Structure formats: structure tokens, C-alpha cells
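Trainee: I have a new model open and would like to learn how to read it. Where do we start?

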Amino acid sequence: MEHIFTANIKEVLQHNFDKNADDIFEKSQLIQYINEKTCSAGRGSKARGSFANLYAIYVIIEDYIANGFDTKGDYSKYEGALFNKLFARQRELPFGNKLQNHALNNRMNSEFEKYFPTSEYKPILRDQATNRYWINENLLNIKVGKANFNIATAIIEIINEYTKTKQDAFQRFVKQCEALQDIENTTPEKVEEFIIGLLAPNVDARLFEIVSYSILKFYYHDQTIIWGYEMDKLNTENLKLYKTGRTNANDGGIDFVMKPLGRFFQVTETLDFKKYFLDIDKIQKYPITFVIKSDEEVDPLKKKIQDNADKTYTIKAIVEKYMACIEEVINIPMLNVRFNEAVKQGYLNNILDEIVVQSKVEFNYTDEEDEE
């Protein structure tokens, strides 16, 4: 498969391997895999970045190069890179600050196997006893004719180029939001169209979470609750939605929290019931609302989750207990409805401003005005 970023990959290979570049592109399974994972580069900030698996490859190859194995030495005798070092390095990379350990431990290898089911090589080798890791050197050494080429440095360059492309896309996204802020009072329909366009199944997961939060924050903004400990001392308080941290954070399954009701919200794009039940377990089966990045209607969504759970669990009481913890399901059509209601209440500009603020925090974006 070729896409816009394929040209960048071939350019890096051309720079490193000259006339052998095309052969290396065709013969390297690792390059082919990276080519598949970088297809979102031409889709702007809305498309998923796929950094977890790419960075799993990146940090191990970076360690491989740092120890000089791309030019000399016997890698088979290397003691391996420590997990803690690799994991910390992942989180130092752009967009990597909240990555978890799944890609290093299994996910990258599993996905690679799906692309290359007949391959005899696993990209990441791991010793669970010592918690040390290696890249499979067979995937780094590519034979073209009688010559052998090590592609380690080229892979680092390709992933760096992809990261830069995605960073540029997010910077353009923030600039686009800021441009809309300048015209939000004169042409609000353009702002509405822009935000609605961010509510789509193919939008980057982090952007979807930011936009969902911004909409729901102002949808609930004017709703009030009356509460108190004594009947003659009741409080009237507006509902307030709080974002608990950055997106994709390992925070126990809580993305948003509502005060004073104490409602929990989790944003997700999967329909795998195991993920839902895991989130419910993390918060001790406390009721939780799921905001799902799907156009599918709410009832069929819930039924699909329950049907899949029923196939795995033989005891219906267990499934029903988990399903009872799902307080509400909010899908994309429902977010659109709530966005329209918030706009009618006069909060269009506030929602856009919130998207800008949260995006700058999430993507570590700064410009000259911010720095001043």
C-alpha cells in the first residue's frame, strides 16, 4: 500500500541506500509495517497517530544504535535493554507522555503478525525473567543481491520524520482553531461546521476526547442540582464537568468527573466488552458513563457489548452486574444533539475556546504569544 507518507519513507531510504532504496523498501517487513502505520500522516490532526507501536520499535532500535550494533559487535551476546529505560524513553518522545507498556510487551508483535502471518520473525524479543528487550536483528539486516544493509538508522529517521509531520498537523489544527476564534462572532456557522467535523469515528482519539469534554462541559453548565444535609439549608449548584488529566492517561478509567453528582465518564472507541468491564473493575463497580466514538445507535451498542460478554461468561448474573454499572452511553449522534443544545444556550464560543485550551495542553503546543 502506498500513501502520502510513503514518499517520505522512500526519500529517507534513497538518502541512506541510493540505488538500493527501492529493493530495501520491498524486501523489509519492518519498513512495510512502518509504511502501514504511518498512513495517517496525510490525513492531518484528525487521524490516529499510532505512536505506541512505532515508539516500541523506535526505543529498542535507538538502544541498538547507541551500543554500536548497527556497525559492529555481536548483538546476540548483548544483555538487552532494560524495560524501565525503554519505557521512560517512550514517554520522553513527542505524543508519548502517556503511553503504557502494552506495545513493548505484546501489542506490537501481535499486530506485526497480523500483517505478516507467514513471517518467521518477531520484531521485539523479550526475556520476562530479566525484563530485558532486543530488536530482532534479522529484520534490520536486508540482503540485496550480494550486499547486506542495516536499516536501523533509516528506521529512526523515518519515525522522526513521521513524528514531525504529525506535530506540524496538530500545530496547524491549533492555528485553525485560533483563526476561527477571530471570526466566531461574525460567522458562527463556520465554527459549528468545524466542531461537528471533529465528531467522527475516524478522528484522532485524543481530539475526540477533547471535543467531547468541551461539548459536555457546557451542555451541563446551566443544569443545577439542589442538595444539602438539612432541609432548611439546601444548596443550589450548577453541574460542573472536570477533566481529570491528559488523554490516554492511566488514571483508573476516569476521563471526566462531574461535581456535585460524582458522575464518572470514560471516553472510548472500542466495543470490546473486556475493556468496559476492566474500567468498571478499576473503580470498584462504581456507575460510569461511556462516551463512545461510534455512529451506531445507543441500544444496539449496549446490546453488542452484552451479547459479546454473554458468549464469554456462562453466568448471566455476572454480566448483568457489570451492565448495571453502565449509567449512560453517549455516542456521536448524542454528542451532536448536546452540542446543538449548548449552542442554543449561547456557548459556541466557549466550546471553541475550551478546545483550543485543552489542545494546547495536550499537544504541548506553544507559540510566541503563549511564551510572552
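Mentor: With burial. A residue is called buried under 20% relative accessible area, exposed over 50%, and partly exposed in between. Keep in mind that this is a predicted model.

Trainee: Is C325 buried or exposed?

Mentor: C325 has a relative accessible area of 8%. That is under the 20% cut-off, so C325 is buried. C177 is also buried, at 1% relative accessibility.

Trainee: How many disulfides does the structure hold?

Mentor: The general idea comes first. A disulfide is a covalent bond between the sulfur atoms of two cysteines. This structure holds zero.

Trainee: Next, the nonpolar residues. How do I read a core?

Mentor: In soluble globular proteins, nonpolar side chains tend to be buried together. Here the largest nonpolar core has 94 residues. L13, I60, I61, L140, I155 and I195 touch the most other members.

Trainee: Which helix gives the most to this core?

Mentor: Helix α7, residues 152-183, with twelve residues. Another core lies apart from it and has 20 residues. Among them are I254, A309, I326 and V329.

Trainee: Which residues does I195 contact, leaving aside its neighbours within four places in sequence?

Mentor: I195 is in contact with V211, I215, F339, L348, I351, L352 and I355.

Trainee: Now the sheets. What should I look for?

Mentor: Strands of a sheet pair through backbone hydrogen bonds, either parallel or antiparallel. Look for the order, then the edges. One open sheet here has three strands in the order β1-β3-β2, with antiparallel pairing. Its edge strands are β1 (81-82) and β2, and each pairs on one side only.

Trainee: How many bridges join β2 to β3?

Mentor: Four, and the two strands run antiparallel. For one residue pair, take R126: its bridge partner in β3 is Y133. Then find helix α4, residues 51-66. Helix α4 lies across β1, β2 and β3, at about 90° to β3.

Trainee: What is the strand order in the five-stranded sheet?

Mentor: The order is β8-β9-β10-β11-β12. This sheet is open, and its pairing is mixed. On average, neighbouring strands are turned by 25° against each other, direction ignored.

Trainee: Why is one side of β8 and of β12 left without a neighbour in the sheet?

Mentor: Because β8 (240-243) and β12 (326-330) stand at the edges, each with a single partner strand.

Trainee: In what sense do β10 and β11 pair?

Mentor: In the parallel sense, over five bridges. T268 has I292 as its bridge partner in β11.

Trainee: Which helices lie across these strands?

Mentor: Helix α9, residues 205-219, lies across β8, β9, β10, β11 and β12, at about 160° to β8. Helix α10 lies across β10, β11 and β12, at about 145° to β11.

Trainee: Last topic: the backbone. What counts as unusual?

Mentor: Most residues other than glycine have a negative phi, and most peptide bonds are trans. Start with the bond between K259 and P260. That peptide bond is cis, with omega about 5°. P260 lies in the loop between β9 (256-259) and β10 (263-268).

Trainee: Where is N131, and what is its phi?

Mentor: N131 is in the loop between β2 (124-127) and β3 (132-135). Its phi is near 60°, a positive value. N131 is partly exposed, at 30% relative accessible area.

Trainee: And Q284: buried or exposed?

Mentor: Q284 is exposed, at 71% relative accessibility. Its phi is also positive, near 55°. Look for Q284 in the loop between α10 (273-282) and β11 (288-292).

How values were computed
Residues numbered from 1 in each chain as written. Predicted model: local features only at pLDDT ≥ 70, side-chain atom pairs only at ≥ 80, totals over all residues. Heavy atoms only, no water. Disulfide = S-S within 2.5 Å. Buried < 20%, exposed > 50% of the residue type's maximum accessible area, 1.4 Å probe, protein only. Core = buried A, V, L, I, M, F, W, Y, C linked by side-chain atoms within 4.5 Å. Contact = heavy atoms within 4.5 Å. Pairing = 2+ DSSP bridges. Axes fitted to C-alpha atoms, helices over the stretch in contact; angles between N-to-C directions.
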